[in-house]
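Q: I have a model open and want to learn to read its features one at a time. Can you walk me through it?

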Amino acid sequence: MSDYADTLRRNARIAILRFLEGAPRYTSNASMLTQMLPQVGIAYTRAQVSTELSWLEEQGMVDLENQGGFIVATATVR
């Protein structure tokens, strides 16, 4: 993976966490986060956002639920 791609992934993860910080109850869904990322110059697909959310879940930073086809993320205390 290139340095640019790696940096982009890290920045996408940080942006996702910042968006969750500002969301009611620290919760949002993958579709909404996908629409928010271009505001910070990151054009990710829903699949890419889902991948990053899975990584954040593995690190204990978010809890994920599948609610009727929507991936819902809630930031954790970590």
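A: Start with one residue and its contacts. This is a predicted model. Neighbours up to four places away in sequence are left out, and on that count Glu57 touches Val62 and Leu64.

Q: Where is Glu57 found, and is Glu57 buried, partly exposed or exposed?

A: Glu57 is found in helix α3. Its relative accessible area is 36%. Buried means under 20% and exposed means over 50%, so a value in between is called partly exposed. Glu57 is therefore partly exposed.

Q: What separates the C-alpha atoms of Glu57 and Thr74?

A: Look at chain distance and spatial distance together. Glu57 and Thr74 are 17 residues apart along the chain. Their C-alpha atoms are separated by 9.5 Å.

Q: How does α3 lie relative to β2 and β3?

A: Read a helix on strands by what it crosses and at what angle. Helix α3 lies across β2 and β3. Its direction is at about 130° to β2.

Q: Which residues does Ser50 touch, and is Ser50 buried or exposed?

A: Ser50 also lies in helix α3. Its relative accessible area is 17%. The cut-off for buried is under 20%, so Ser50 counts as buried. Leaving out residues up to four places away in sequence, Ser50 touches Ala30 and Ile71.

Q: Now the sheet. In what order do the strands stand?

A: Trace the strands by pairing, not by number. Three strands form an open sheet, and the order is β1-β3-β2. The pairing is antiparallel.

Q: Why is one side of β1 and of β2 left without a neighbour in the sheet?

A: β1 (27-29) and β2 stand at the edges. Each has a single partner strand, so one side of each has no neighbour in the sheet. From one strand to the next, the twist averages 25°.

Q: How many bridges join β2 and β3?

A: Count bridges to follow a strand pair. β2 covers residues 62-67 and β3 covers residues 70-75, and six bridges join them in the antiparallel sense. Two of the partners can be checked by eye. Val62 has Ala75 as its bridge partner in β3. Glu65 is partnered by Val72 of β3.

Q: What links β2 to β3?

A: The two strands form a hairpin, with two residues between them. Gly68 is in the turn, with a positive phi of about 60°.

Q: How many bridges pair β1 with β3?

A: Three bridges, again in the antiparallel sense. For a landmark, find Thr27, which stands opposite Thr74 in β3.

Q: Which residues other than glycine have a positive phi near 55°?

A: Most residues other than glycine have a negative phi, so a positive value is worth a look. Arg25 has a positive phi near 55°. Tyr26 also has a positive phi near 55°. Arg25 lies in the loop between α1 and β1, and Tyr26 lies in that loop too.

Q: Are Arg25 and Tyr26 exposed or buried?

A: Check each against the cut-offs. Arg25 has a relative accessible area of 75%, so Arg25 is exposed. Tyr26 is at 46% and counts as partly exposed.

Q: Which residues of the largest nonpolar core touch the most other members?

A: Look for the well-connected side chains. The largest nonpolar core has 15 residues, and those touching the most other members are Ile16, Leu20, Leu33, Leu37, Tyr44, Val49 and Leu53. Helices α1 (3-22), α2 (30-36) and α3 (46-58) each supply at least two residues of this core. With five residues, α1 gives the most.

Q: What does Ile16 touch?

A: Apply the same sequence filter as before. Ile16 touches Leu33, Leu37, Val49, Glu52, Leu53 and Leu56, not counting residues up to four places away.

Q: What lies over the face of Trp55, and how many aromatic pairs are there?

A: Look above the ring for a charged side chain. Arg13 lies over the face of Trp55, at 3.8 Å from the ring centre. Ring against ring is another matter: the count of aromatic pairs is zero.

Methods:
Residues are numbered from 1 along each chain as its sequence is written. This is a predicted model: local features need pLDDT of at least 70, side-chain atom pairs count only at pLDDT 80 or more; totals for chains, interfaces and linings use all residues. Side-chain values use heavy atoms; hydrogens and water are left out. Two strands pair if DSSP finds at least two bridges between them. Helices (H or I, at least four residues) and strands (E, at least two) are DSSP runs, numbered from the N terminus. A nonpolar core is a set of buried Ala, Val, Leu, Ile, Met, Phe, Trp, Tyr and Cys residues joined through side-chain atoms within 4.5 Å. Buried means under 20% relative accessible area, exposed over 50%, partly exposed in between (1.4 Å probe, protein chains only). Contact means heavy atoms within 4.5 Å. Rings of Phe, Tyr and Trp (its six-membered ring) pair if their centres lie within 6.5 Å; planes under 30 degrees apart count as stacked, over 60 as edge-to-face and the rest as tilted. A charge sits over a ring if NZ of Lys or CZ of Arg is within 6 Å of the ring centre and within 35 degrees of the ring normal. Axes are lines fitted to C-alpha atoms, for helices over the stretch in contact, and angles run from 0 to 180 degrees between N-to-C directions.
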